Amino acid sequence: QIQLESRQRLPVAAYKQPILDIIHENQVVVLSGATASGKSTQIPQFLLESHHDEGNLRRPYIIVTQPRRVAAISLAQRVA
C-alpha cells in the first residue's frame, strides 16, 4: 500500500496513459525527463501491467538504458 502511494506521487504517474498510448503506437520511443521522475522504474512497470491487462501470457521484452554504469547498477538494485 505504501509502495503504491509513493509510486503515484512520482511525476511520471500523471502521464501514465499518454505514455502507454505513445509506446503502443510507435516501434521505438525515447523518453526523457527530470531526475527522480520515475522514468526508469515506473514506465517499465506501466508496460508490464498493460501487457498483462491485455491478456498476454508471454513475458515482454522491456529494455531500459542508463548513460552511466553507476546509474545502471543503482537502477538494477532498486527494481530487482
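Let's start with how helix H2 meets helix H3: the buried residues of H2 pack against H3. This is a predicted model, so please keep that in mind as we go. Which residues of H2 are buried? In H2, which spans residues 16-25, they are Ile 19, Leu 20 and Ile 23. If you look down the axis of H2, these buried residues fall within an arc of 95°, so they line one face of the helix.

Now let's cross over to H3. This helix covers residues 39-53, and Ser 50 lies in it. Is Ser 50 buried or exposed? The cut-off for buried is under 20% relative accessible area, and Ser 50 has a relative accessibility of 11%, so it counts as buried. What does Ser 50 touch, once we set aside residues up to four places away in sequence? The answer is Leu 20 and His 24. You have met Leu 20 already, as one of the buried residues of H2.

Stay on H3 for a moment, because there is a second residue to see there, Gln 42. Its relative accessible area is 9%, so Gln 42 is buried too. Leaving out neighbours within four places in sequence, Gln 42 is in contact with Arg 7, Leu 10 and Val 12. And here is a distance you can check on the screen: the C-alpha atoms of Gln 42 and Gln 8 are separated by 9.5 Å, while along the chain these two residues are 34 apart.

Let's zoom out to the whole protein. How many helices and strands are there? There are 4 helices and 0 strands, and from the N terminus the order reads α-α-α-α. The radius of gyration is 13 Å, close to the 12 Å that the globule rule gives for 80 residues, so the protein is as compact as a globular protein of that length. Along the principal axes, the C-alpha atoms fill a box of roughly 35 × 30 × 20 Å.

What about contacts across the chain? Taking contacts between residues at least 6 apart in sequence, 61% join residues at least 24 apart.

Next, the surface. Buried residues make up 19% of the 80 residues. The protein exposes about 6,700 Å², and carbon and sulfur atoms supply 54% of that area.

One last item, the charges. The protein has 9 positive and 6 negative charges, and the mean positions of the two groups are 15 Å apart.

To go back to where we began: find Ile 19, Leu 20 and Ile 23 in H2, then look across to H3, which they pack against. Thanks for listening!

How values were computed
Residues are numbered from 1 along each chain as its sequence is written. This is a predicted model: local features need pLDDT of at least 70, side-chain atom pairs count only at pLDDT 80 or more; totals for chains, interfaces and linings use all residues. Side-chain values use heavy atoms; hydrogens and water are left out. Helices (H or I, at least four residues) and strands (E, at least two) are DSSP runs, numbered from the N terminus. The radius of gyration is taken over C-alpha atoms; the globule rule is 2.2 Å times the number of residues to the power 0.38. Buried means under 20% relative accessible area, exposed over 50%, partly exposed in between (1.4 Å probe, protein chains only). Contact means heavy atoms within 4.5 Å. Accessible areas come from the Shrake-Rupley method with a 1.4 Å probe; for residues, only the protein chains shown count as cover. Lys and Arg count as positive and Asp and Glu as negative; His and the chain ends are not counted. The place of a charge is taken as NZ of Lys, CZ of Arg, CG of Asp or CD of Glu. The arc is that of the directions from the helix axis to the C-beta atoms.
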